[in-house]
Amino acid sequence: MDESHTNAKPTPENLDDPPNSRLFLVASRFVTEEELRERFSAFGDIQDVWVVKDKQTKESKGICYVKFAKSSQACLAMEEMHGKVLQDGSKPIKVFIAQSRSSCSHRDVEDEELTRIFVMIPKTFSEEDLKNTFKEYGDIEYCVIIRNKLTGESKGLGYVRYYKPSQAALAIENCDKAYRAILAEPRNKASSSEDYNSMASRSDYSSGADSLNMYPFNMAAPAEPVSYPMMDYRTSAGSGGTDLTRCLMVSTRAGLTQEQIFALFDIIPGMEYCELQRDAYGMSKGHAMIRYTNLGSALYAKDKLNGFEYPPGNRLVVNFMDDGEDRSSSVGRMAMQFVATQMMSSVWNGPSNSQGIKPTASHLGFAGPPVSRIQTDVSLPPLKKLAPSDSKAKERLFVVFSPAPLPVDVLEDVFCRFGSLIEVHLVPGRKVGYMKYADKQCAMDALATLHGHIVNGVKMKVMLADPPREESHKRLRTY
DNA sequence: CGACGGGACGC
DNA sequence: CGACGGGACGC
C-alpha cells in the first residue's frame, strides 16, 4: 500500500507534448530522416524526426516518427500526406497520430477521436451560437448542447464535430480559453448490443438523409429564443405524465438545499415532485424544478413565492416552465382560490393534524413571528440586499470555520449585513469559504466586525483573501 | 493552522 | 501488415 514514492517526479514518459503532436508513419525502408524532414516541414514546426532502425543491423524498419510543435500541424500533415508515394515504386505511406508514449496500445488513433471537441459555454448559447463561435476553425459537421432532459435547460456544455482533425486541433489551440476546449472522449465505450436499437434511430449519423430538416421549428425565427422540444421520447404514459403546465422553475442565487426548497414549496398542498439542479460537487446550481398535482397549486405557489425573499436578502424567482401559456382564465383563478381556501382551513385546524401546513413552514419564517436563526456574540447590523450577481468583486474575504463550516444561507444572512455582498462560496470538503463583495469598505466592515466571533456556535476567522491564483506563471514573468 | 477552478453525450 | 532513440538535469 505504501509506495514511498513521495516525490512524484515529472514523469518523463508523458512528454508527448502537446498531445497528438507526433506522427507515426509506416513507410518504405529506404526513407531517410532528411527526406521526411523535407516533405513534412511544409506543415509546421518539426521538432524531431526519427526513423526506427534495427539495434544490430542499423537497418530501417520502415517505421518513422515526426514530432511537430503543435497538434494542428501534425494533423494537417497527416491529412495531406497519408497515402502519398514518397519514392517512385514504393508503397504509399500511412500516416497516423502516434499513440502517446505512456499508452501501451498500438491501435491506430482514429479520426473519430480527433474531430469532436468538448467545450464549456454560456448557458444562453444555442446550437446556432455554438456553431457561429467555432466555425472559424473549420467546417463543422454538427453541434450539440447538453441539456437537462426534463427542462431543456442548457448545462453549459457542448460538443462540436469537425470534419477534419486539424480543424478540431485549431479550435482547441486558438479558441478563447474560457471555453476550455478539449477533445471529447468517444461516445461509444464498448457497445456490445447494437441490434435492439432499430435502424431508424441511427439515421442521424448517416449522410444520406439530406432531406432531414434539422430545425423544423426554428428556420424562420432567427433571433427568437425558442423553447426546445423536449418531448422526443414521451414520458411514458404512467400516472400523470409530465405536462409542463404544472411545473415551476425556481431560481435562486443563494445555495439552497433540496430540503429547503422542498420544505418551502411543500407549504402549498399538492407538490408531487421537487428536484434541485446540481453541479458536479453536488451543490446547488440555483435552479430547481417543482411540480404540483394540479394547476391551482402551481398558480398559487408562483403567486406567493415569486419574489419571496428566502433566506432574507435572496429573492426567489418562480416561473412556469412553459412560458407563453395563458393562465388568466377564470378556471385558473378558481383553482387558485380553491388552494387558498384549502390552506386557510388547515391553518384554522392547526398543524398538529398532520396534513396541511407542515411544521417546517414555521421556521422558514413563512408564518408567525420572525425568529432569528442567528445566534452570535456580536451585534449585527440589519439585513441588506445582495449586490447583483454580475457585480465585479472588489474585495474577497477568506473565512476559516471552527469546528465546521456554517450553512451558506446562514453565512449570507450574516455577511450581507455590511452591504454589497455578491456571493458566498464554501470550498467543498474544507472548513473555509470566500465572501465576495462589490465594495471594499463593506468587506472591511464585515471583517472588522466578525473576525474572531461566533455564529451559531461556530468560530470564524475572517481575513482578506489572497488573490485567486489564475495563471500567474504566464503573465508575471514577462520582464 | 486554513485556499479557490470547473467537464460528458438516452444504449 | 506496422510502435518507441538519443541525449543529459539545477542558478
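This passage describes salt bridges in a predicted model and the burial of the residues that form them. A search of the whole structure finds eleven salt bridges, of which three pairs and one network are set out below.

In the pair formed by Glu 272 and Arg 291, the closest N and O atoms lie 2.6 Å apart. Because Glu 272 belongs to strand S10 (residues 271-278) and Arg 291 to strand S11 (residues 284-292), this salt bridge ties together parts that are 19 residues apart in sequence. The two partners fall into separate accessibility classes, since Glu 272, at 36% relative accessibility, counts as partly exposed, while Arg 291, at 12%, counts as buried. The pair also belongs to a wider arrangement, in which Arg 246, Glu 272 and Arg 291 are linked in a network of salt bridges.

A further salt bridge joins the side chains of Glu 395 and Lys 440, with an N to O distance of 3.9 Å. Glu 395 lies in strand S13 (residues 395-402) and Lys 440 in helix H9 (residues 440-450), so that this contact ties together parts that are 45 residues apart in sequence. Here the acidic residue is the buried partner, as Glu 395 has a relative accessibility of 13%, whereas Lys 440, at 49%, counts as partly exposed.

The side chains of Asp 303 and Lys 304 likewise meet in a salt bridge, at 3.6 Å from N to O. In this pair Asp 303 counts as partly exposed, with a relative accessibility of 44%, and Lys 304 is also partly exposed, at 42%.

Notes
Residues numbered from 1 in each chain as written. Chains lettered and ligands numbered in written order. Predicted model: local features only at pLDDT ≥ 70, side-chain atom pairs only at ≥ 80, totals over all residues. Heavy atoms only, no water. Salt bridge = Lys/Arg side-chain N within 4 Å of Asp/Glu carboxyl O. Helix = DSSP H or I, 4+ residues; strand = E, 2+ residues; numbered from the N terminus. Buried < 20%, exposed > 50% of the residue type's maximum accessible area, 1.4 Å probe, protein only.
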